[in-house]
Amino acid sequence: MAIQFEDKFKRKFYYLRLSVTDVCNFKCTYCLPDGYKPSGRKNSSFLSVPEVKRVVSAFASCGTSKVRITGGEPSLRKDFNDIVQAVASTKGINKVAMTTNGYRMESQVAQWRQAGLTHINVSLDSLDPRMFYQITGENKFSNVMSGIDRAFEVGYEQVKVNVVLMKDLNSGELPAFLHWIKDRPIQLRFIELMQTGEMDSFFDKYHKSGVSILNELIANGWIPKVREANDGPAQVFIHPDYKGEIGLIMPYEKHFCESCNRLRVSAMGKLHLCLFGEQGVELRDLLQEDTQSDALIERIQTQLQTKSVSHFLQDGNTGMTPHLASIGG
Ligand code: SAM
Ligand code: SF4
């Protein structure tokens, strides 16, 4: 290994979140309520497969072992299988995950697995088709459910399901979600709603604190599971009576940033040290030739020294991130 990516707070980075597109076909109320709007940038194109390969190789040579491919909706990329293959074949990468809205999962998950995708997170904010429509703006509940079934059929032993629980919308579904995973090897990941730049009163109206969910789980016998080095931001809980697990992602919790092990690269090739807070550092000029890898690593390592100790979300900071589809949630 060349060097290990580490910041000045001694946090080590094992996990890269790589966005491959900003485009999305859903209109989630908390993300792209008016749908995807092209940026109007001239000559803009998302990272090509060779660029993906170079950036992932640089990260892998400095300790990254897990890559999550995200977006926008990553499965909208026509060359998505080639992207997965490029990441999966990189020396040092042993986990290749994606986050998807599940729209194309039923028809494509077998190919994704064949290309080398080892882990899947699918977003499903409701078990009620009408509420699903209300939150996502798309009538695709049954497609997503069939996609989850199909993922098990093609050999995934566990599927992670992301849920953003919101007050007065889907928060009453916690018992239904728990019932759903009693006999299914699903890790439900409750993500606390985060305030982004384009949100106004939405956050105040719908934000539900993760701590209330945590207390409910503990009171009902759920116990914390031990973390691995390249694990994501979730605190995971297990229960002897349940086949499924629960992951809680609580970005507003005081110590959330202490265990940060993640860096992000946007679909336009910018390094983001945090989901919130900065414009990103251009990497693309160093992704054009294999011979640029040393310079690329040096730029990332130098920037890493400027990574902030916290996102300061708890102080009302929404940073420069307009919505999570723009950087890869
Ligand atoms: N389109 C894919 C999907 O929805 O799974 C991948 C990209 S999406 C930005 C990744 C995750 O971020 C989804 O699970 C989504 O629910 C979550 N997300 C988006 N905006 C959010 C917000 N403001 N607060 C919390 N989670 C959010
Ligand atoms: Fe699209 Fe995912 Fe954002 Fe929903 S959360 S609008 S599916 S990028």
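# Strands, a helix and a ligand shell

Student: How many bridges join β4 to β5, and do these strands run parallel or antiparallel?
Tutor: This is a predicted model, and the pairing is read from its backbone. Strands of a sheet pair through backbone hydrogen bonds, either parallel or antiparallel. One residue pair in this ladder is N121 with its bridge partner K160 in β5. For β4 and β5, the sense is parallel and the number of bridges is three.

Student: Is β5 buried or exposed?
Tutor: In a regular strand the side chains alternate between the two faces of the sheet. In β5, V159, V161 and V163 lie on one side, while K160, N162 and V164 lie on the other. Six of the six residues in this strand, residues 159-164, have under 20% relative accessible area. Strand β5 is therefore largely enclosed by the rest of the structure, and its residues are buried.

Student: Which residue of β6 is the bridge partner of V163?
Tutor: β5 pairs with β6 as well as with β4. The β5 and β6 ladder is parallel and has six bridges. In it, V163 is matched with F190.

Student: In what order do the twelve strands of the open sheet stand, and which are the edge strands?
Tutor: The pairing in this open sheet is mixed. The order is β7-β8-β9-β6-β5-β4-β3-β2-β1-β10-β11-β12. An edge strand pairs on one side only, and this holds for β7 (223-224) and β12 (281-282).

Student: Do β7 and β8 run parallel or antiparallel?
Tutor: β7 is one of the edge strands of the sheet. Two bridges join β7 to β8, which covers residues 235-238. I223 stands opposite I238 in β8. The two strands run antiparallel.

Student: Which strands pair with β1?
Tutor: In the sheet order, β1 stands between β2 and β10. Its pairing with β2 (residues 66-70) is parallel and has five bridges, with L18 opposite I69. Its pairing with β10 (residues 262-265) is also parallel and has four bridges, with R17 matched to R264. The partners of β1 are β2 and β10.

Student: Which residues of β1 point the opposite way from Y15, R17 and S19?
Tutor: Five of the five residues of β1, residues 15-19, are buried, so this strand is largely enclosed by the rest of the structure. Burial therefore does not single out one side of β1, since five of its five residues are buried. Y15, R17 and S19 point one way, and the residues that point the other way are L16 and L18.

Student: Which residues touch the most other members of the largest nonpolar core, and which helix gives the most to it?
Tutor: The core has 98 residues. One of its most connected members is L18, whose contacts include V52, V55, I69 and V265. The residues touching the most other members are L18, Y30, I69, V161 and F190. With six residues, the helix that gives the most is α1.

Student: Why do the buried residues of α3 lie on the same side of the helix?
Tutor: The buried residues in α3 (residues 105-115) are M105, Q108, V109, W112 and A115. They are on the same side because they cover an arc of only 125 degrees around the axis. An α-helix has 3.6 residues a turn, so residues three or four places apart point the same way. The value that settles it for α3 is the arc of 125 degrees.

Student: Which exposed residues does α3 carry on the face turned away from its buried side?
Tutor: The buried residues of α3 pack against α2 (80-88), β3 (95-100), β4 (119-123) and α5 (141-153). The face turned away from the buried side carries the exposed residues S107 and Q114.

Student: How many charged residues are in the shell around ligand 2?
Tutor: Ligand 2 is surrounded by C24, F26, C28, C31, L32, G72, N101 and A325. By class, six of them are nonpolar and two are polar. The number of charged residues in this shell is none.

Student: How far apart in space are M194 and C31?
Tutor: M194 is in the loop between β6 (186-191) and α7 (201-206). M194 counts as buried because its relative accessibility is 13%. M194 and C31 are 163 residues apart in sequence, and their C-alpha to C-alpha distance is 9.8 Å.

Notes
Residues are numbered from 1 along each chain as its sequence is written. Chains are lettered from A and ligands numbered from 1 in the order in which they are written. This is a predicted model: local features need pLDDT of at least 70, side-chain atom pairs count only at pLDDT 80 or more; totals for chains, interfaces and linings use all residues. Side-chain values use heavy atoms; hydrogens and water are left out. Buried means under 20% relative accessible area, exposed over 50%, partly exposed in between (1.4 Å probe, protein chains only). The arc is that of the directions from the helix axis to the C-beta atoms. Contact means heavy atoms within 4.5 Å. A nonpolar core is a set of buried Ala, Val, Leu, Ile, Met, Phe, Trp, Tyr and Cys residues joined through side-chain atoms within 4.5 Å. A residue is near a molecule or strand if one of its heavy atoms lies within 4 Å of it. Ala, Val, Leu, Ile, Met, Phe, Trp, Tyr, Cys and Pro count as nonpolar, Asp, Glu, Lys and Arg as charged, and the others, Gly among them, as polar. Two strands pair if DSSP finds at least two bridges between them.
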